Amino acid sequence: MTEPIVVVGAALLDADHLLAARRSAPPELAGRWELPGGKVEPGETPQAALARELREELGVEVEVGERIPGEWPLKPPYVLQVWTAQLLPASPDPKPLQDHDDLRWLTREHLWDVPWLDQDVDAVRKIAARLDAP
């Protein structure tokens with residue numbers, strides 16, 4: 001059995017807002033929304049991979065926090081893990097540089113205003129529960 005390849009997603013939080021990114025490619029995912037991130041490369045920790053992916057995709061510098069409990073299957077052999085992250089004080093604002101054509105900061109009340117990728121829905125539910133917690 002092949003070891004799963006981890007894809008990390010960011011629960012990029014700013015106060016009570018979560019950053020959502022709209023996919024521009026590949027065609028079967030274009031127009032749907034996701035938690036930004038990408039594959040963990042060999043020899044890389046999930047936290048380092050997430051910081052690198054957000055730098056490449058959004059042009060931001062982040063502090064990676066804790067992992068959201070759970071792991072969600074993607075197309076084999078990939079699995080999604082989600083980590084919280086916050087922009088560092090000197091970071092520029094996120095911009096859709098790669099793989100995305102739009103970004104939105106969503107409040108808890110508006111998390112479901114966008115069509116999330118199926119594989120991100122359960123992770124977004126877990127993040128929503130955290131946003132509800134005092």
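1. Setting aside neighbours within four places in sequence, Ala128 makes contact with Arg108 and Leu111. The model in which these contacts appear is a predicted one. Ala128 belongs to helix α2. With a relative accessibility of 3%, Ala128 is classed as buried, because buried means under 20% relative accessible area. A further separation concerns Trp112: its C-alpha atom lies 10.0 Å from that of Ala128, and the two residues are 16 apart along the chain.

2. Helix α2, which spans residues 118-132, also takes part in the lining of the largest pocket, to which it supplies at least two residues. The other elements that each supply at least two residues are β1 (5-14), β4 (37-39), α1 (46-58) and β6 (78-87). Both helices and strands therefore appear among these contributors.

3. The volume of the largest pocket is about 550 Å³. Its lining consists of 25 residues, and those nearest the centre are Val7, Arg23, Leu29, Glu34 and Leu74. By residue class, the lining comprises 11 charged, 10 nonpolar and four polar residues.

4. Two cis peptide bonds deserve the reader's attention. One joins Ala25 to Pro26, with omega at about -10 degrees. Pro26 is situated in the loop that runs between β2 (17-23) and β3 (33-34). The other joins Pro76 to Pro77, with omega at about 10 degrees. Pro77 is placed in the loop between β5 (62-73) and β6.

5. Positive phi values should be noted at two residues that are not glycine, Ala15 and Asp99. For Ala15, phi is about 55 degrees. This residue sits in the loop between β1 and β2. Is Ala15 buried or exposed? Ala15 has a relative accessible area of 69% and is therefore exposed, the cut-off for that class being over 50%.

6. Asp99 has a phi of about 70 degrees and is located in the loop that links β6 with β7 (100-107). The relative accessibility of Asp99 is 33%, so this residue is classed as partly exposed. That class covers values between the buried limit of under 20% and the exposed limit of over 50%.

7. In summary, the two residues with positive phi lie in loops, Ala15 between β1 and β2 and Asp99 between β6 and β7. The cis-bonded Pro26 and Pro77 are likewise found in loops. Ala128, by contrast, lies in a helix and is buried.

Technical notes: Residues numbered from 1 in each chain as written. Predicted model: local features only at pLDDT ≥ 70, side-chain atom pairs only at ≥ 80, totals over all residues. Heavy atoms only, no water. 1 Å grid on protein atoms, 1.4 Å probe; cavity = no way out; pocket = protein on both sides within 12 Å on 5 of 7 lines; lining within 4 Å. Points joined across faces, edges and corners; volume = space filled by probe spheres on them. Helix = DSSP H or I, 4+ residues; strand = E, 2+ residues; numbered from the N terminus. Nonpolar A, V, L, I, M, F, W, Y, C, P; charged D, E, K, R; others polar. Buried < 20%, exposed > 50% of the residue type's maximum accessible area, 1.4 Å probe, protein only. Contact = heavy atoms within 4.5 Å.
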